[in-house]
Amino acid sequence: MSALNAKIFASCHSPSAPPLPALLSQLLENQQRVWPLAAEGYAALQYAQVREVQCRTFAVSLQFNPKRMMSTGAKVDAGSIRGRRCFLCVENLPPEQQGVLYAQTFLVLCNPMPIFPAHFTIAHIQHQPQILAAHLAALLQLARDLSPAFTVFYNGAQCGASAPDHFHFQAAPAGKIPIEHEAIKNSRRERVQEIDGVMIILLKELGRAVLVLEGTNAEKLIRVLQQLLVKMQTILQISDEPKINLLCQCQASQWRIILFPRRKHRPDVFFKAGEAKVLISPASVDMGGLIVTPVEKDFRTVDAKLLEAIYREVSWGETTVRKFWL
Ligand SMILES: [Zn+2]
(Lines give C-alpha, C1' and ligand atoms only; values in the text may rest on other atoms or scores of the structure.)
Protein backbone atom coordinates (compact mmCIF):
# COMPACT_ATOMS: atom_id res chain seq x y z
CA MET A 1 0.00 0.00 0.00
CA SER A 2 2.91 2.39 0.67
CA ALA A 3 4.00 2.28 -3.00
CA LEU A 4 0.50 3.44 -3.88
CA ASN A 5 0.34 6.10 -1.15
CA ALA A 6 3.49 7.74 -2.52
CA LYS A 7 1.78 8.05 -5.90
CA ILE A 8 -1.45 9.71 -4.75
CA PHE A 9 -1.59 13.37 -5.79
CA ALA A 10 -5.19 13.61 -4.56
CA SER A 11 -8.12 11.31 -3.80
CA CYS A 12 -11.45 11.74 -5.51
CA HIS A 13 -13.84 10.23 -3.03
CA SER A 14 -12.64 11.97 0.09
CA PRO A 15 -15.55 14.09 1.40
CA SER A 16 -13.84 17.46 0.97
CA ALA A 17 -12.32 16.74 -2.47
CA PRO A 18 -13.27 18.84 -5.50
CA PRO A 19 -14.99 17.02 -8.40
CA LEU A 20 -12.83 14.70 -10.52
CA PRO A 21 -12.40 17.04 -13.55
CA ALA A 22 -11.12 19.82 -11.26
CA LEU A 23 -8.64 17.42 -9.64
CA LEU A 24 -7.45 16.32 -13.07
CA SER A 25 -6.79 19.93 -14.12
CA GLN A 26 -4.66 20.34 -11.01
CA LEU A 27 -2.87 17.07 -11.71
CA LEU A 28 -2.14 18.06 -15.31
CA GLU A 29 -0.75 21.42 -14.21
CA ASN A 30 1.39 19.76 -11.53
CA GLN A 31 2.77 17.03 -13.76
CA GLN A 32 3.82 19.50 -16.46
CA ARG A 33 5.65 21.48 -13.76
CA VAL A 34 7.48 18.64 -11.99
CA TRP A 35 7.87 15.98 -14.70
CA PRO A 36 10.02 17.03 -17.67
CA LEU A 37 8.76 14.17 -19.88
CA ALA A 38 5.14 15.32 -19.46
CA ALA A 39 6.10 18.98 -19.97
CA GLU A 40 7.84 18.04 -23.22
CA GLY A 41 4.96 15.84 -24.38
CA TYR A 42 2.27 18.50 -23.92
CA ALA A 43 4.50 21.26 -25.33
CA ALA A 44 5.18 19.17 -28.46
CA LEU A 45 1.45 18.52 -28.93
CA GLN A 46 0.82 22.25 -29.36
CA TYR A 47 2.77 22.06 -32.61
CA ALA A 48 1.37 18.75 -33.84
CA GLN A 49 0.16 19.09 -37.41
CA VAL A 50 -3.33 17.97 -38.39
CA ARG A 51 -4.55 17.22 -41.90
CA GLU A 52 -8.11 16.41 -42.91
CA VAL A 53 -8.67 13.70 -45.52
CA GLN A 54 -12.05 13.57 -47.21
CA CYS A 55 -13.08 9.97 -47.90
CA ARG A 56 -16.15 9.12 -49.97
CA THR A 57 -18.78 9.36 -47.25
CA PHE A 58 -16.83 10.56 -44.21
CA ALA A 59 -13.80 12.60 -43.22
CA VAL A 60 -10.73 11.57 -41.22
CA SER A 61 -8.30 13.81 -39.33
CA LEU A 62 -4.65 12.79 -39.37
CA GLN A 63 -2.43 13.92 -36.51
CA PHE A 64 1.35 13.90 -37.06
CA ASN A 65 2.63 13.00 -33.61
CA PRO A 66 6.19 11.56 -33.46
CA LYS A 67 5.93 11.10 -29.67
CA ARG A 68 3.36 8.36 -30.24
CA MET A 69 5.95 6.12 -31.91
CA MET A 70 6.33 3.98 -28.80
CA SER A 71 2.61 3.46 -28.38
CA THR A 72 1.71 3.00 -32.05
CA GLY A 73 4.62 0.66 -32.68
CA ALA A 74 4.37 -1.13 -29.30
CA LYS A 75 5.14 -4.83 -29.24
CA VAL A 76 2.04 -6.34 -27.63
CA ASP A 77 2.66 -10.04 -28.23
CA ALA A 78 2.63 -12.25 -25.12
CA GLY A 79 6.42 -12.78 -25.13
CA SER A 80 7.23 -9.06 -25.29
CA ILE A 81 4.67 -8.29 -22.57
CA ARG A 82 6.12 -10.97 -20.28
CA GLY A 83 9.63 -9.66 -20.86
CA ARG A 84 9.02 -6.08 -19.74
CA ARG A 85 8.22 -4.35 -16.48
CA CYS A 86 4.58 -3.23 -16.48
CA PHE A 87 4.56 0.55 -16.90
CA LEU A 88 1.13 0.92 -15.25
CA CYS A 89 1.99 -0.84 -11.98
CA VAL A 90 2.46 1.77 -9.24
CA GLU A 91 5.87 0.44 -8.23
CA ASN A 92 7.17 0.98 -11.76
CA LEU A 93 5.88 4.51 -12.37
CA PRO A 94 8.56 7.18 -12.97
CA PRO A 95 9.55 9.01 -9.74
CA GLU A 96 7.81 12.23 -10.81
CA GLN A 97 4.54 10.60 -11.84
CA GLN A 98 1.55 10.80 -9.51
CA GLY A 99 -2.17 10.35 -10.01
CA VAL A 100 -5.64 10.94 -8.65
CA LEU A 101 -6.97 7.95 -6.72
CA TYR A 102 -10.52 7.30 -7.89
CA ALA A 103 -13.01 5.14 -5.96
CA GLN A 104 -10.10 3.42 -4.18
CA THR A 105 -9.72 1.38 -7.38
CA PHE A 106 -8.14 3.41 -10.16
CA LEU A 107 -5.20 5.79 -10.32
CA VAL A 108 -5.80 8.48 -12.94
CA LEU A 109 -2.46 9.34 -14.54
CA CYS A 110 -1.36 11.97 -17.05
CA ASN A 111 -0.33 10.39 -20.30
CA PRO A 112 3.12 11.87 -20.97
CA MET A 113 2.81 11.22 -24.72
CA PRO A 114 -0.59 12.78 -25.31
CA ILE A 115 -2.89 12.83 -28.32
CA PHE A 116 -5.05 15.49 -26.59
CA PRO A 117 -4.22 18.62 -24.59
CA ALA A 118 -5.53 16.71 -21.55
CA HIS A 119 -5.02 12.95 -21.92
CA PHE A 120 -5.34 10.59 -18.98
CA THR A 121 -4.69 6.91 -18.43
CA ILE A 122 -6.99 5.47 -15.77
CA ALA A 123 -5.06 2.46 -14.45
CA HIS A 124 -6.44 -0.11 -12.03
CA ILE A 125 -4.38 -0.08 -8.83
CA GLN A 126 -3.85 -3.84 -9.19
CA HIS A 127 -2.09 -5.63 -12.02
CA GLN A 128 -4.89 -7.52 -13.77
CA PRO A 129 -5.66 -8.23 -17.43
CA GLN A 130 -7.46 -5.90 -19.82
CA ILE A 131 -10.91 -7.51 -19.75
CA LEU A 132 -13.86 -5.15 -19.74
CA ALA A 133 -16.69 -7.35 -18.44
CA ALA A 134 -15.85 -6.92 -14.73
CA HIS A 135 -15.46 -3.15 -15.03
CA LEU A 136 -18.61 -2.04 -16.85
CA ALA A 137 -20.12 -0.39 -13.76
CA ALA A 138 -16.85 1.48 -13.20
CA LEU A 139 -16.88 2.62 -16.85
CA LEU A 140 -20.32 4.20 -16.51
CA GLN A 141 -19.53 5.71 -13.13
CA LEU A 142 -16.30 7.22 -14.47
CA ALA A 143 -18.06 8.63 -17.53
CA ARG A 144 -20.61 10.26 -15.23
CA ASP A 145 -18.05 11.63 -12.79
CA LEU A 146 -15.97 13.01 -15.66
CA SER A 147 -18.95 14.51 -17.50
CA PRO A 148 -19.42 16.75 -19.30
CA ALA A 149 -15.74 17.61 -19.67
CA PHE A 150 -14.34 14.22 -20.70
CA THR A 151 -15.05 11.13 -22.75
CA VAL A 152 -13.77 7.79 -21.44
CA PHE A 153 -12.44 5.18 -23.83
CA TYR A 154 -11.33 1.56 -23.76
CA ASN A 155 -9.02 -0.38 -26.04
CA GLY A 156 -9.38 -4.14 -25.96
CA ALA A 157 -6.31 -6.24 -25.13
CA GLN A 158 -6.10 -7.37 -28.74
CA CYS A 159 -6.77 -4.09 -30.46
CA GLY A 160 -4.85 -1.10 -29.26
CA ALA A 161 -4.10 -1.48 -25.55
CA SER A 162 -0.35 -1.06 -25.15
CA ALA A 163 -0.64 -2.63 -21.67
CA PRO A 164 -2.92 -5.64 -22.36
CA ASP A 165 -1.85 -7.15 -19.04
CA HIS A 166 -2.87 -4.20 -16.85
CA PHE A 167 -6.49 -3.05 -16.85
CA HIS A 168 -6.97 0.60 -17.83
CA PHE A 169 -9.29 3.10 -19.43
CA GLN A 170 -8.29 6.45 -20.94
CA ALA A 171 -9.97 9.85 -21.01
CA ALA A 172 -9.92 12.68 -23.54
CA PRO A 173 -11.62 16.09 -23.54
CA ALA A 174 -15.21 15.62 -24.78
CA GLY A 175 -15.75 16.38 -28.46
CA LYS A 176 -12.15 15.89 -29.58
CA ILE A 177 -12.84 12.55 -31.29
CA PRO A 178 -14.79 13.10 -34.53
CA ILE A 179 -17.12 10.11 -34.04
CA GLU A 180 -18.66 11.88 -31.03
CA HIS A 181 -20.13 14.41 -33.46
CA GLU A 182 -21.11 11.81 -36.08
CA ALA A 183 -22.98 9.80 -33.43
CA ILE A 184 -25.55 12.54 -32.90
CA LYS A 185 -26.27 13.32 -36.56
CA ASN A 186 -29.73 12.11 -37.55
CA SER A 187 -28.52 11.36 -41.08
CA ARG A 188 -26.06 8.78 -39.70
CA ARG A 189 -28.32 7.08 -37.20
CA GLU A 190 -30.28 3.94 -37.98
CA ARG A 191 -32.26 2.75 -34.99
CA VAL A 192 -32.09 -1.01 -35.03
CA GLN A 193 -33.45 -2.13 -31.72
CA GLU A 194 -34.64 -1.07 -28.31
CA ILE A 195 -34.08 -3.43 -25.38
CA ASP A 196 -35.37 -2.51 -21.95
CA GLY A 197 -35.17 1.22 -22.65
CA VAL A 198 -31.69 0.96 -24.17
CA MET A 199 -31.53 2.21 -27.73
CA ILE A 200 -29.19 0.45 -30.18
CA ILE A 201 -28.21 2.51 -33.19
CA LEU A 202 -26.08 1.67 -36.21
CA LEU A 203 -24.09 4.54 -37.69
CA LYS A 204 -24.22 4.52 -41.49
CA GLU A 205 -21.64 5.09 -44.21
CA LEU A 206 -18.61 5.61 -42.02
CA GLY A 207 -16.53 2.95 -43.76
CA ARG A 208 -16.34 0.88 -40.56
CA ALA A 209 -18.88 -0.74 -38.24
CA VAL A 210 -20.06 1.58 -35.45
CA LEU A 211 -22.74 0.72 -32.90
CA VAL A 212 -24.18 3.21 -30.45
CA LEU A 213 -25.97 2.30 -27.22
CA GLU A 214 -27.92 4.97 -25.38
CA GLY A 215 -29.72 4.75 -22.06
CA THR A 216 -30.36 6.43 -18.75
CA ASN A 217 -30.38 3.34 -16.55
CA ALA A 218 -26.87 2.06 -15.79
CA GLU A 219 -27.89 -1.49 -14.89
CA LYS A 220 -29.95 -1.96 -18.04
CA LEU A 221 -27.23 -0.46 -20.22
CA ILE A 222 -24.64 -2.77 -18.69
CA ARG A 223 -26.88 -5.78 -19.28
CA VAL A 224 -27.43 -4.90 -22.95
CA LEU A 225 -23.70 -4.29 -23.49
CA GLN A 226 -22.91 -7.64 -21.86
CA GLN A 227 -25.44 -9.31 -24.16
CA LEU A 228 -23.84 -7.68 -27.20
CA LEU A 229 -20.37 -8.84 -26.16
CA VAL A 230 -21.63 -12.39 -25.64
CA LYS A 231 -23.37 -12.26 -29.04
CA MET A 232 -20.06 -11.21 -30.61
CA GLN A 233 -18.35 -14.20 -28.97
CA THR A 234 -21.08 -16.47 -30.33
CA ILE A 235 -20.82 -15.06 -33.85
CA LEU A 236 -17.02 -15.36 -33.79
CA GLN A 237 -17.06 -18.69 -31.87
CA ILE A 238 -14.50 -17.46 -29.34
CA SER A 239 -14.35 -17.44 -25.55
CA ASP A 240 -11.92 -14.52 -25.09
CA GLU A 241 -13.12 -10.94 -25.12
CA PRO A 242 -13.97 -9.97 -28.69
CA LYS A 243 -11.76 -7.32 -30.29
CA ILE A 244 -13.39 -4.00 -29.45
CA ASN A 245 -12.76 -0.32 -29.00
CA LEU A 246 -15.29 1.70 -27.09
CA LEU A 247 -16.06 5.28 -26.12
CA CYS A 248 -18.38 6.24 -23.27
CA GLN A 249 -19.81 9.62 -22.39
CA CYS A 250 -22.56 10.89 -20.15
CA GLN A 251 -24.67 13.94 -20.97
CA ALA A 252 -27.79 15.15 -19.19
CA SER A 253 -28.11 11.84 -17.30
CA GLN A 254 -27.91 9.80 -20.49
CA TRP A 255 -24.98 7.55 -21.32
CA ARG A 256 -23.83 7.03 -24.86
CA ILE A 257 -21.52 4.13 -25.67
CA ILE A 258 -19.89 4.04 -29.09
CA LEU A 259 -18.65 0.56 -29.94
CA PHE A 260 -16.31 -0.50 -32.73
CA PRO A 261 -16.38 -4.28 -33.35
CA ARG A 262 -12.99 -5.20 -34.84
CA ARG A 263 -11.85 -7.92 -37.18
CA LYS A 264 -8.14 -7.41 -36.59
CA HIS A 265 -5.78 -5.11 -34.75
CA ARG A 266 -3.23 -3.87 -37.28
CA PRO A 267 -3.62 -3.57 -41.05
CA ASP A 268 -1.22 -5.44 -43.36
CA VAL A 269 0.57 -2.20 -44.34
CA PHE A 270 1.77 -1.91 -40.71
CA PHE A 271 3.91 -5.04 -41.17
CA LYS A 272 5.43 -4.15 -44.55
CA ALA A 273 9.11 -3.25 -44.90
CA GLY A 274 10.73 -0.02 -46.03
CA GLU A 275 8.74 2.60 -47.90
CA ALA A 276 5.64 0.37 -48.11
CA LYS A 277 5.29 0.30 -44.32
CA VAL A 278 2.58 2.59 -42.91
CA LEU A 279 2.73 3.03 -39.14
CA ILE A 280 -0.97 3.19 -38.37
CA SER A 281 -2.19 0.99 -35.52
CA PRO A 282 -5.88 1.71 -35.02
CA ALA A 283 -7.29 1.98 -31.50
CA SER A 284 -10.34 3.87 -30.14
CA VAL A 285 -9.18 7.34 -31.16
CA ASP A 286 -8.19 6.22 -34.66
CA MET A 287 -11.42 4.25 -35.14
CA GLY A 288 -13.15 7.41 -33.93
CA GLY A 289 -11.79 9.32 -36.93
CA LEU A 290 -8.60 10.89 -35.53
CA ILE A 291 -5.75 8.80 -36.91
CA VAL A 292 -2.35 9.22 -35.31
CA THR A 293 0.67 8.96 -37.60
CA PRO A 294 4.03 9.08 -35.79
CA VAL A 295 5.96 9.00 -39.11
CA GLU A 296 6.05 12.16 -41.24
CA LYS A 297 6.11 10.25 -44.54
CA ASP A 298 2.82 8.56 -43.58
CA PHE A 299 1.25 11.84 -42.47
CA ARG A 300 2.09 13.41 -45.85
CA THR A 301 1.20 10.51 -48.14
CA VAL A 302 -1.73 8.59 -46.63
CA ASP A 303 -4.79 9.16 -48.82
CA ALA A 304 -8.54 8.51 -48.76
CA LYS A 305 -8.21 5.20 -50.61
CA LEU A 306 -5.72 3.80 -48.08
CA LEU A 307 -7.73 5.04 -45.08
CA GLU A 308 -10.91 3.47 -46.42
CA ALA A 309 -9.02 0.22 -47.03
CA ILE A 310 -7.55 0.22 -43.51
CA TYR A 311 -10.94 0.76 -41.86
CA ARG A 312 -12.47 -1.98 -44.03
CA GLU A 313 -9.65 -4.37 -43.16
CA VAL A 314 -9.71 -3.93 -39.37
CA SER A 315 -13.46 -3.52 -38.83
CA TRP A 316 -16.40 -5.91 -38.94
CA GLY A 317 -18.25 -5.79 -42.23
CA GLU A 318 -21.87 -4.73 -42.41
CA THR A 319 -23.08 -8.28 -43.07
CA THR A 320 -21.44 -9.51 -39.86
CA VAL A 321 -22.86 -6.61 -37.85
CA ARG A 322 -26.38 -7.39 -39.10
CA LYS A 323 -26.03 -10.87 -37.58
CA PHE A 324 -26.56 -9.20 -34.21
CA TRP A 325 -30.23 -8.98 -35.08
CA LEU A 326 -30.77 -12.27 -36.85
ZN1 LIG B 1 0.82 -3.71 -14.10
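In the predicted model, helix H2 comprises 15 residues, 20-34, and extends 21 Å from its first C-alpha to its last, close to the 21 Å expected at 1.5 Å a residue. The buried residues of H2 are Leu 20, Pro 21, Leu 23, Leu 24, Leu 27, Leu 28, Asn 30 and Gln 31.

An open sheet of 11 strands is present, with mixed pairing and the strand order E1-E4-E5-E6-E8-E7-E12-E13-E11-E10-E9. Its edges are formed by strand E1 (8-11) and strand E9 (189-195), each of which pairs on one side only. On average, and with direction ignored, neighbouring strands of this sheet are turned by 25 degrees against each other. At the E1 edge, the pairing with strand E4 (residues 99-102) is parallel and runs over three bridges. Within this pair, Ile 8 is placed opposite Gly 99 of E4. Helix H6 (residues 136-145) packs on the sheet and touches E4, strand E5 (106-110), strand E6 (120-124), strand E7 (150-155), strand E8 (168-173), strand E12 (244-251) and strand E13 (254-261). The direction of H6 makes about 45 degrees with that of E12.

A zinc ion is bound by four protein donors, namely Cys 86 (SG), Cys 89 (SG), His 127 (ND1) and His 166 (ND1), which lie 2.1 to 2.3 Å from the ion. The angles among the four donor atoms are 100 to 120 degrees, and the site is tetrahedral. For comparison, the ideal angle for four tetrahedral donors at a metal is 109.5 degrees. Along the sequence, the donor residues follow the spacing C-x2-C-x37-H-x38-H. Distant parts of the chain are linked by the pair Cys 86 and His 166, which are 80 residues apart. Cys 86 lies in the loop between helix H5 (78-82) and E4, whereas His 166 lies in the loop between E7 and E8. Cys 86 has a relative accessible area of 7% and is therefore buried, the cut-off being under 20%. His 166 likewise counts as buried, because its relative accessibility is 0%.

Ser 61 is located in strand E3 (residues 59-64). With a relative accessibility of 15%, Ser 61 is also classed as buried. When neighbours within four places in sequence are left aside, the contacts of Ser 61 are Val 50, Arg 51, Glu 52, Gly 289, Leu 290 and Ile 291.

Methods: Residues are numbered from 1 along each chain as its sequence is written. This is a predicted model: local features need pLDDT of at least 70, side-chain atom pairs count only at pLDDT 80 or more; totals for chains, interfaces and linings use all residues. Side-chain values use heavy atoms; hydrogens and water are left out. Two strands pair if DSSP finds at least two bridges between them. Helices (H or I, at least four residues) and strands (E, at least two) are DSSP runs, numbered from the N terminus. Axes are lines fitted to C-alpha atoms, for helices over the stretch in contact, and angles run from 0 to 180 degrees between N-to-C directions. Contact means heavy atoms within 4.5 Å. Buried means under 20% relative accessible area, exposed over 50%, partly exposed in between (1.4 Å probe, protein chains only). The expected span of a helix is 1.5 Å times one less than its number of residues. Donors are N, O and S atoms within 2.8 Å of the metal (3.2 Å for Na, K and Ca); water is not among the atoms, so sites may look incomplete. Four donors count as tetrahedral if all angles lie between 85 and 135 degrees; four count as square planar and six as octahedral if opposite donors are over 155 degrees apart and all others between 65 and 115; anything else is irregular.
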